[in-house]
Amino acid sequence: MNPKRSSTSADSTTATVPALIVGGGPVGLSASVLFGRFGIPSLLVERHPGTTVHPKARGVNIRSMELFRQWSIETQLRTHALPPEAMRFIWAESLQSQEIARISAQQYESGQHSPTEYCLVSQDWVEAELCRCALAYPSSQLRFSTELMAFEQDNTGVTARLVNRETGEEEMVRAHYLIAADGAHSGVRQTLGIEMQGPDNLRHLCSIYCQVDLTPWLSNRPCVGFFFTHPSWSSGAYMLSVDGAKRWLFGVPYQPKGSYQGQDFTSLTALAVVRSLVGDPLIAAEILDIGFWTMAAQVASAYQQGRVFLAGDAAHRLPPTGGLGMNTGIQDVHNLTWKLAATLKGWASPALLETYEAERAPVARTNIEWSLENTKRIVQVYEALKRGDEKAAVSGISEQHRHLESEGLDLGFVYTSAAIIPDQTEPTATSPSQYTPSTVPGSRAPHVWLMRDGHLISTLDLFDQHFVLLVGPKGQSWCEAARRLAYSKGLPLDAYCIADDGDLQDLEGNWLSTYELSEDGALLIRPDGHIAWRRQKASQEPEADLQGVLGQILGLAM
Ligand SMILES: Cc1cc2nc3c(=O)[nH]c(=O)nc-3n(C[C@H](O)[C@H](O)[C@H](O)COP(=O)(O)OP(=O)(O)OC[C@H]3O[C@@H](n4cnc5c(N)ncnc54)[C@H](O)[C@@H]3O)c2cc1C
């Protein structure tokens, strides 16, 4: 993309839209769904003719599944999930040889912490379901085979030049805001001159997506993946199951620029690699796609420049070890879109948008650190194998289960920014591997089962497009104040009293203790389900207090 290649000046033929999303990967598609839910018209452009063919990610963590549950795509996605009996990684020299170890691929279970579970489902299905979901919102336009060629921004908006790659037709679009979800090599980021910080070129890998029948070797030991330790793959090779049956991804190191052991990487080379890893020189395999990717551990030096926001791989490049890249990106736009919606609808000042980077960049840094540790742990195994130190290799392999022990990263991230009002309490000590429910401001509001009109709901079902005030049995005055304020100021603020005779009933008798709240206290939760503020006791002036709190969060003098 080169903004100088031609003018982007807006004229009378320019279409206008509140939000332009560049990139139809999982992150851009999630942004499109979210804008649809807020009723904010958006236009997503994707240069490819459809969603991805190449299934990269497979691990959808609990927090992302909670969002998918809310968007009603969870059940359908699970129909494409890898089967439970396959939840293991196998380490061996080759498919033919004796196994060195089996490592569980079962992530932590959500237990009481969520109404949903982790899911291993390939990215092509995730994107297809997100696309279907986005298309159900009349205000969300998706345009495939359409590329952003150039853009310029001024004080009132962004002007973008788009081209239809099939017809060559050009179109100008004027948007209030632009979300760059255009991937690791983001042209938008480069045009803005935003640098990436952290190491690049950690490894170059070729990913071969193919259809091959491995039943002769795997019928009685289904697995989600295989790590090969054969000396000819001394820096690591793997295969990952895509559909639990005949579609597989094979990964091998390669030299940059597409060469592989001195040759060009063609379908024939790919076939030779598959046959060599399977250990059958004649096996029939259909090569469906070949992708090249570079492992990096980088975060953008800025997430926002004026009216343009980076999200997903455009903002951070995570090593895939740990399965957090797509998840981190989906949660970026979950954080960003409610703020853009609030600004566009006039119930927040643009200052709220500055909290996006303050809240999300630290999450990306923590997730990168974790993923890098996982990479190092794998490298140590291959180094031990190269040295011929079998004992160290076996002991290293037994440590690999730690990659998936990231419940604390998944559910326990706590935001600090101007859109969170601290209350002098320290966040509960949390570890990357273990989540402890907390309502310290900035935390994800915990899951508790409740009854509403005779139906079972999760507290998480309450947090969607509005702020929510939750109070206990003696908190009615807070509730009434919130309802008066919502009415008088036109604010999207709901209030619920959770009590036997309240709006919602506490099914298991644990919501006050889980929410660490006194019977006359109150808690304010943002549309993204994070705690904005809490107070442990009744107030003489609840309406004035709530008005002050919301004014501070939204950056408005009310
Ligand atoms: C081997 C492997 C395994 C992985 N496993 C996991 C996992 O288990 N869990 C996980 O969370 N993550 C995983 N990831 C990471 C995950 O695949 C990425 O983080 C994810 O695809 C990022 O999504 P995105 O939407 O930000 O970017 P992308 O998926 O890269 O999408 C960006 C889109 O923007 C489009 N685009 C770019 N420029 C333009 C333009 N100018 N105009 C129009 N369109 C444009 C591109 O065509 C592309 O479709 C894995 C990655 C790899 C390589």
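## Domains

The domain assignment of the protein chain in this predicted model gives three entries. Domain 1 is built from 15-81 + 121-198 + 298-407. Domain 2 covers 203-295, and domain 3 covers 445-554.

## Where domain 1 meets domain 3

The centres of domain 1 and domain 3, taken over C-alpha atoms, are 31 Å apart. Contact between them involves 12 residues of domain 1 and 8 residues of domain 3. On the domain 1 side, H1, helix H2 (62-70) and H8 each supply at least two residues. H8 has the largest share of that side, with 4 residues. By class, the side of domain 1 that touches domain 3 has 6 nonpolar, 4 polar and 2 charged residues.

## The ligand shell

The ligand is surrounded by 34 residues. Which of them are closest? They are Gly23, Gly25, Gly183, Gly312 and Gly325. Three elements give two or more residues to this shell: helix H1 (26-38), strand E8 (146-153) and helix H8 (325-345). H8 gives the most, with 4 residues.

The class split of the shell is 12 nonpolar, 15 polar and 7 charged residues. H1 and H8 thus appear in two settings. Both give two or more residues to the shell around the ligand, and both supply at least two residues of the domain 1 side that touches domain 3.

## Strand E4 and its partners

Strand E4 (residues 88-92) runs antiparallel to strand E5 (residues 99-104), and 5 bridges join them. The two form a hairpin, with 6 residues between them. E4 also runs parallel to strand E13 (residues 225-228), joined by 4 bridges.

Ile90 links the two pairings. In E5, Ile90 stands opposite Arg102. In E13, the bridge partner of Ile90 is Phe226. Strands of a sheet pair through backbone hydrogen bonds, in either a parallel or an antiparallel sense.

## A three-stranded open sheet

Another set of strands forms an open sheet of 3 strands, in the order E24-E23-E27, with antiparallel pairing. Why is one side of strand E24 (455-458) and of strand E27 (505-506) left without a neighbour in the sheet? Both stand at the edges, and each has a single partner strand, so one side of each is left without a neighbour.

Strand E23 (residues 449-452) pairs with E27 in the antiparallel sense over 2 bridges. Within this pairing, Leu450 stands opposite Asp506 in E27.

Conventions:
Residues are numbered from 1 along each chain as its sequence is written. This is a predicted model: local features need pLDDT of at least 70, side-chain atom pairs count only at pLDDT 80 or more; totals for chains, interfaces and linings use all residues. Two strands pair if DSSP finds at least two bridges between them. A residue is near a molecule or strand if its C-beta atom, placed from the backbone, lies within 6 Å of it. Ala, Val, Leu, Ile, Met, Phe, Trp, Tyr, Cys and Pro count as nonpolar, Asp, Glu, Lys and Arg as charged, and the others, Gly among them, as polar. Domain bounds come from an automatic or database domain assignment. Two residues are in contact if their C-beta atoms, placed from the backbone, lie within 7 Å.
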